[in-house]
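Take a look at the model below. The text after it goes from solvent exposure to overall form, then to the core and to single side chains.

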Amino acid sequence: MSITAHLEELKKKHRTLSEQVDMAQRAPGVDQIEVATLKKQKLKLKEEITRLSG
């Protein structure tokens with residue numbers, strides 16, 4: 001897999017996680033641990049994207 005294709009896949013996963021975080025935060029009875037876990041995953045993806053882009 002090329003770097004460009006890998007970056008696009010990471011960006012897609014990052015967008016998906018963003019949507020999941022948004023939905024989880026709007027849901028009644030939000031599980032804060034789940035939201036925190038999703039945010040950590042999102043941050044790791046963002047760091048990987050930045051590392052590969054630089």
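A residue counts as buried under 20% relative accessible area and as exposed over 50%, with partly exposed in between. The model is a predicted one. Ser53 shows the middle class: its relative accessibility is 47%, so Ser53 counts as partly exposed.

Now the overall form. The protein has two helices and zero strands. Its radius of gyration is 13 Å, well over the 10 Å that the globule rule gives for 54 residues, so the protein is more spread out than a compact globule. The C-alpha trace spans about 40 × 15 × 15 Å along its principal axes. Buried residues account for 20% of the 54 residues. The exposed surface comes to about 4,300 Å². Carbon and sulfur atoms supply 55% of that surface.

Next, the core. In soluble globular proteins, nonpolar side chains tend to be buried together. Here the largest nonpolar core has seven residues: Leu7, Leu10, Leu17, Val21, Leu38, Leu45 and Ile49. Helix α1 (3-26) and helix α2 (32-53) each supply at least two of them. The most comes from α1, with four residues.

Leu45 is a good place to look at the contacts of one core residue. Neighbours within four places in sequence are left aside here. Leu45 then touches Leu10, Lys13, His14 and Leu17. Two of these partners, Leu10 and Leu17, are themselves listed in the core.

Turn to His14. This residue sits in helix α1. Is His14 buried or exposed? Its relative accessible area is 17%. The cut-off for buried is under 20%, so His14 is buried. With neighbours within four places in sequence again set aside, His14 is in contact with Lys42, Leu45, Lys46 and Ile49. Among these partners, Leu45 and Ile49 belong to the core.

Lys42 leads on to Ser18. Ser18 also has its place in helix α1. Its relative accessible area is 19%, and that is under the 20% cut-off, so Ser18 is buried. Which side chain does the side chain of Ser18 meet in a polar contact? The partner is the side chain of Lys42, at 3.2 Å. Ser18 can also be placed against the core residue Leu38. The two are 20 residues apart in sequence, and their C-alpha atoms are 8.3 Å apart in space.

Helix α2 holds the salt bridge. The count for the model comes to one. Arg51 and Glu48 form it through their side chains, at 2.8 Å from N to O. Both residues lie in α2, three residues apart, about one turn of the helix. How do the partners stand towards solvent? Arg51 has a relative accessible area of 56%, over the 50% cut-off, so Arg51 is exposed. Glu48 has 26% relative accessibility, between the two cut-offs, so Glu48 counts as partly exposed.

Finally, return to Ser53. This residue, too, is in helix α2. A polar atom of its side chain lies 2.8 Å from the backbone oxygen of Ile49. Ile49 is one of the core residues. Ser53 and Val35 are 18 residues apart along the chain. Their C-alpha atoms are separated by 27 Å.

How values were computed:
Residues are numbered from 1 along each chain as its sequence is written. This is a predicted model: local features need pLDDT of at least 70, side-chain atom pairs count only at pLDDT 80 or more; totals for chains, interfaces and linings use all residues. Side-chain values use heavy atoms; hydrogens and water are left out. A nonpolar core is a set of buried Ala, Val, Leu, Ile, Met, Phe, Trp, Tyr and Cys residues joined through side-chain atoms within 4.5 Å. Buried means under 20% relative accessible area, exposed over 50%, partly exposed in between (1.4 Å probe, protein chains only). Contact means heavy atoms within 4.5 Å. A salt bridge is a side-chain nitrogen of Lys or Arg within 4 Å of a carboxyl oxygen of Asp or Glu. A polar contact is a pair of N or O atoms within 3.5 Å; within protein, one must be able to donate a hydrogen and the other to accept it, and residues adjacent in sequence count only if both atoms are side-chain atoms. The radius of gyration is taken over C-alpha atoms; the globule rule is 2.2 Å times the number of residues to the power 0.38. Accessible areas come from the Shrake-Rupley method with a 1.4 Å probe; for residues, only the protein chains shown count as cover.
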